[in-house]
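Here are some friendly notes to read alongside the structure. Take them in any order you like, with the viewer open beside you.

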Amino acid sequence: MTFSTALLWSLLRSLVIAMAGLIVSVRLQQSLRLLSGQRAMFWWGLTLLPVFVPGLLIGYGYRNFALSLVHHPMWNEVLYALLVTLQVIPIGVLVLVCSPSPPVSASALHVRRLSALHLSPLEGRRTSQARQRLVSEWLRHHLFSLFPAGAVMFLLAFQESEVATLMQADGWTEWLFTRYVGGLTMATALQVLIIPVLVQGIVIMTTLSLVTVGTHQKSEVAQLAARSSSGDRWTVASFVGLALIALAGLPGTVVLRGTWQGFSVLSAHPTLLREIGIAVLFAITSGGLTWVLSGLVIHRLGGLGRMGIMAVLLPGLMGSLAMGMGVTGLVQRPPLVTLRDTPLPVVVAEVLFLLPRAVLIRLLVGQLRDSSAVYAARLLARSGSPIHQQASASLLWRLDVAGRIGGLLILCYWAYIELTLPSLLAPPGMTPAPVVLYNLMHYGQISGLSAMLFASMTTPVVLMALSWWGFRIVIHRLF
Amino acid sequence: MAASDSRRHVAVSAVVIVIGLLIASGWYRVSTTTRDALVVYCAHDLLYAEEVLRDFEQQMGVPVVIVPDTEATKSLGLVQRLIREKEHPVCDVFWNNQLLGTVELAEQGVLEPYQGPGWQRMPDRFREPTGLWSGFGGRLRVWIVNTDKMHADVETIDERLSGDLSRMAMAEPMFGTTLSHFAVLWQFMGADEVQSWFRDMRSRGMQVVPGNATVKDLVAAGVCDFGMTDTDDYFLAQDEGAPVAMLPIRIDSGETICIPNSVAIIRGTQKRRQAEQLVDYLLSEAVELRLAASKARQIPLGTVDESALSKDVRRLSEWAKESVELTHLANVRREALEWLTSEQAP
């Protein structure tokens, strides 16, 4: 397959994924909006879980099945597209929730519809103008409400490479990564990158323009949904069930079955512990820096302006491969070549890559945060009564700190499972565990590799749980 | 109350500083162990190579950092990386899982000569005359056949090769030992003939998959009936109890294709003494016997105690004696690679 064919195929597939994903995510968002209290938290948590399943696990889990479809490549493509769709839908739901309201509100649209309907057929010219305005405003309304979510899902599907490589699904990312490490010169690789970067650039600029033009009131889509939807919880449960079984359940079963048989292999590969340690170091460093930087970006959001926001978020929105190759190009020539043997290029690239996600998380945490309740909890902390202070600590944790710590840990987790950037940029001796495992995956589903994957993928989960618990204790002690 | 707030700020700062110090000490530790270590670029399968290199670490007290190749580009990725890094070398020793890429590096001036005891025990056909590289532990290119689907004999394979090939698998010829195989065909059939042969095979539905292990998986699972792979992959399938058999791939002259590992010291290394120690270690009889005794059943190329070899390896050694000479195929490999790359040009 030539690059042009691979690129066209990726474009087509990503469009289909974005459209299918949009339909499901709008429905999901409507259902989720109707839930409240603890139940809402529970279903939101489950809906977002697919986002956190590592591509490495999905690719490994489906590798053998994908191989069995070698005589039916279209079915393999369908399976791959389905898995990617399931993984991007939760992000679509999040973007729908975080998107500002469109400039043409639903009520305005409704009024326009009513006035168009009530015009007498005798007022021919006015009727036709009113209908044209109605169509144009209907389009504007839906463009502003839905485009950002669809665009983000398109971008994620367009940039995906890890599962594609392991499942042998065709696409431009897989083509470019394989050819580059196989000897394509940096100059040619960067030339080849121009078209995908342009495609993504257009989508990103359009989306950011729409987002910055929209009003920052509570999402209109959500308000409408709350009135129009019957709140079918089955929609959410069906999606969660299907996504978790397909993305985590089936691959997890493959890994667990192998782990049981191959645990002894871990003792023959003591370096895995070091490689896990390196992945943890990259995760904490990149995740922590991204969190701090995203705070600065959010606080300066007004001051930065549209161009400023685009400049800060654009590299990360281009995806790990495009940005990783850009950074690789920079550190291959003086004076930056001196940084090549340090962890700095990986950290910088991961921070840039994670920054848009961090901003999204911060916006979400900000939306969920009730400032007056936090202020009241802080006042309670100043009370002389130990019982009040204890209650204040507990409230502050729930209302304020838990969201931030959760956001930070999620970023660290994403940095941990990131594959493309360290593959391109990690210096000798600093290869994180996921990259090492990816390099071993040509062996197929063997028990030793399953055990190694299990150890590597459970480590961040355990560390996140311990950190959460540790931070909670610290906060309770401090307040 | 202000004092209490101030205490909290101090405590929060202390927690942040402690976490920062822990991260800094972690990076310091990783950096120092990496700085002192011998950097080995290793295209050989890590499951086998890592144990050998860790034993070297323990025996010689020389720390080793292993840089593996990517999953998709077995050996070619590291060869290209070494060429890119020629002016600012990072690697000290290159352990390649095949030969022609190493020959290419020698021609590009990336390697330093070393004629140690390991080099001396290898036959001339598996070492560079000035010591720029030396081969060891070979593998053969073989047909892997699913015996539930077809007979494992030359006649049946020839018959299948003349018809529909949708149930035959071959690894992507741009990479690994399949590229060496392709270079051999290029040399003996001629460029035009190989190109039309490959296009014809593809047009008849031959499955071109990412690697030899994938070929093995497809045939072992019965998804494909036969394919071209390496002996180490074949034995993995056999050991797992898959219904498979193998036959050596022979070119028209009847010769087999034996592809040795190769090892070389990178020009500009700052750890020459340790690099020599590793090269001697890898080229030793003990390591060749160890690779022969591994699941990969690699064929010793130097003189070894024959009684220590398994029946499987003795059979492979006989076939390896009939193998084609590879050392002069670097130019051919380059031509073949250029053509394969142009076939998939952007």
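The points below go from confidence, through each chain and its domains, to a few single residues.

1. Please keep in mind from the start that this is a predicted model. Its scores are ipTM 0.80 and pTM 0.84. For chain B, the mean pLDDT is 89, with 96% of the residues at 70 or more.

2. Let us begin with chain A, which has 21 helices and 0 strands. Of the 479 residues in chain A, 46% are buried. If you take the contacts in chain A between residues at least 6 apart in sequence, 85% of them join residues at least 24 apart.

3. How is chain A divided into domains? The domain assignment gives domain 1 as residues 1–262 and domain 2 as residues 265–479. Where these two touch, domain 1 of chain A brings 37 residues and domain 2 of chain A brings 35 residues. On the domain 1 side, at least two residues each come from several helices, including α3 (55–68), α4 (73–98), α6 (124–159) and α11 (233–262) of chain A. The helix that gives the most to this side is α9(A), with 11 residues. By class, the domain 1 side holds 24 nonpolar, 11 polar and 2 charged residues.

4. Chain B also has a domain assignment: domain 1 covers 37–138 + 260–313, and domain 2 covers 139–256. Taken over C-alpha atoms, the centres of these two domains of chain B are 26 Å apart. The contact between them joins 13 residues of domain 1 of chain B to 15 residues of domain 2 of chain B. On the domain 1 side of chain B, the residues that touch domain 2 are 5 nonpolar, 5 polar and 3 charged.

5. Now for the place where the chains meet: how many residues does each chain bring to the contact? Chain B supplies 45 residues and chain A supplies 40 residues. On the chain B side, α1 (2–36), α2 (46–60), β2 (64–68), α3 (76–84) and α9 (212–220) each give at least two residues. The largest share of that side, 10 residues, belongs to α1(B). Sorted by class, the side of chain B that touches chain A has 26 nonpolar, 13 polar and 6 charged residues.

6. One helix of chain B deserves a look of its own. Helix α4 of chain B spans residues 100–107, and 7 of its 8 residues are buried, so the rest of the structure largely encloses it. The buried residues are B:L100, B:G101, B:T102, B:V103, B:E104, B:L105 and B:A106. After α4(B) comes B:G109, which has a positive phi near 75°.

7. In chain A, try finding A:Q168, in the loop between α7 and α8. Its phi is positive, near 55°, and A:Q168 is not a glycine. Is A:Q168 buried or exposed? A:Q168 counts as buried because it has 20 C-beta neighbours inside 10 Å, and 20 or more is what buried requires.

8. Chain B offers B:R297, found in the loop between α12 (285–293) and α13 (311–321). B:R297 has a positive phi of about 45°, although it is not a glycine. With 23 C-beta neighbours inside 10 Å, B:R297 counts as buried.

Conventions
Residues are numbered from 1 along each chain as its sequence is written. Chains are lettered from A and ligands numbered from 1 in the order in which they are written. This is a predicted model: local features need pLDDT of at least 70, side-chain atom pairs count only at pLDDT 80 or more; totals for chains, interfaces and linings use all residues. pLDDT is the predictor's confidence in each residue, from 0 to 100. Domain bounds come from an automatic or database domain assignment. Two residues are in contact if their C-beta atoms, placed from the backbone, lie within 7 Å. Ala, Val, Leu, Ile, Met, Phe, Trp, Tyr, Cys and Pro count as nonpolar, Asp, Glu, Lys and Arg as charged, and the others, Gly among them, as polar. Helices (H or I, at least four residues) and strands (E, at least two) are DSSP runs, numbered from the N terminus. A residue is buried if 20 or more other C-beta atoms lie within 10 Å of its own, exposed if 12 or fewer, and partly exposed in between; C-beta atoms are placed from the backbone.
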